[in-house]
Amino acid sequence: MHTCAMALFRRPKVARDDLVVLREWVASRGAIKGGVEAYVEPQTSFSPTTIVLVAGDGEFIRRSVGSPNAAGKFARDVGIPIY
């Protein structure tokens, strides 16, 4: 099988740094900007599963999380709602 095709079936890896950045983002915006909510964007053929965090003022950040279950665990760990 061609190398490019193999990449489509490989599960994306989530950098530990992405989770650190997300935690810091929640901590810095949650209390002062009306809270933070999380939204899961499912994997497509072009992008991995991502989580979008949105602050009460509309500011947002998007990072790869690997799977919907990982996104749910992250949201529970930091105490924010997830949709």
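A residue is taken as buried when its relative accessible area is under 20%. By this criterion, 28% of the 83 residues of the protein are buried in the predicted model. The exposed surface of the protein amounts to about 5600 Å², of which carbon and sulfur atoms supply 59%.

The secondary structure consists of three helices and three strands, arranged from the N terminus in the order α-α-β-β-β-α. Among contacts between residues at least 6 apart in sequence, 45% join residues at least 24 apart.

In soluble globular proteins, nonpolar side chains tend to be buried together. In the present model, the largest nonpolar core comprises 14 residues, and Leu22, Ile51, Leu53 and Ile80 have the most contacts inside it. Two or more residues of this core are given by each of α2 (16-29), β1 (36-41), β2 (50-55) and α3 (68-78). For isoleucine 51, when neighbours within four places in sequence are left aside, the contacts include Leu22, Ala38 and Tyr39, together with Ala71 and Phe74. Further contacts of isoleucine 51 are made with Ile61, Arg62, Arg63, Val65 and Ile82.

Two of these partners of isoleucine 51, Ala71 and Phe74, are buried residues of α3, as are Gly72 and Ala75. The four lie on the same side of α3 because they cover an arc of only 160° around the axis. Asn69 and Arg76, on the other side of α3, are exposed. Just after α3, glycine 79 adopts a positive phi of about 75°.

Methods: Residues numbered from 1 in each chain as written. Predicted model: local features only at pLDDT ≥ 70, side-chain atom pairs only at ≥ 80, totals over all residues. Heavy atoms only, no water. Core = buried A, V, L, I, M, F, W, Y, C linked by side-chain atoms within 4.5 Å. Buried < 20%, exposed > 50% of the residue type's maximum accessible area, 1.4 Å probe, protein only. Contact = heavy atoms within 4.5 Å. Areas by Shrake-Rupley, 256 points an atom, 1.4 Å probe, with all protein chains shown as cover. Arc of directions from axis to C-beta.
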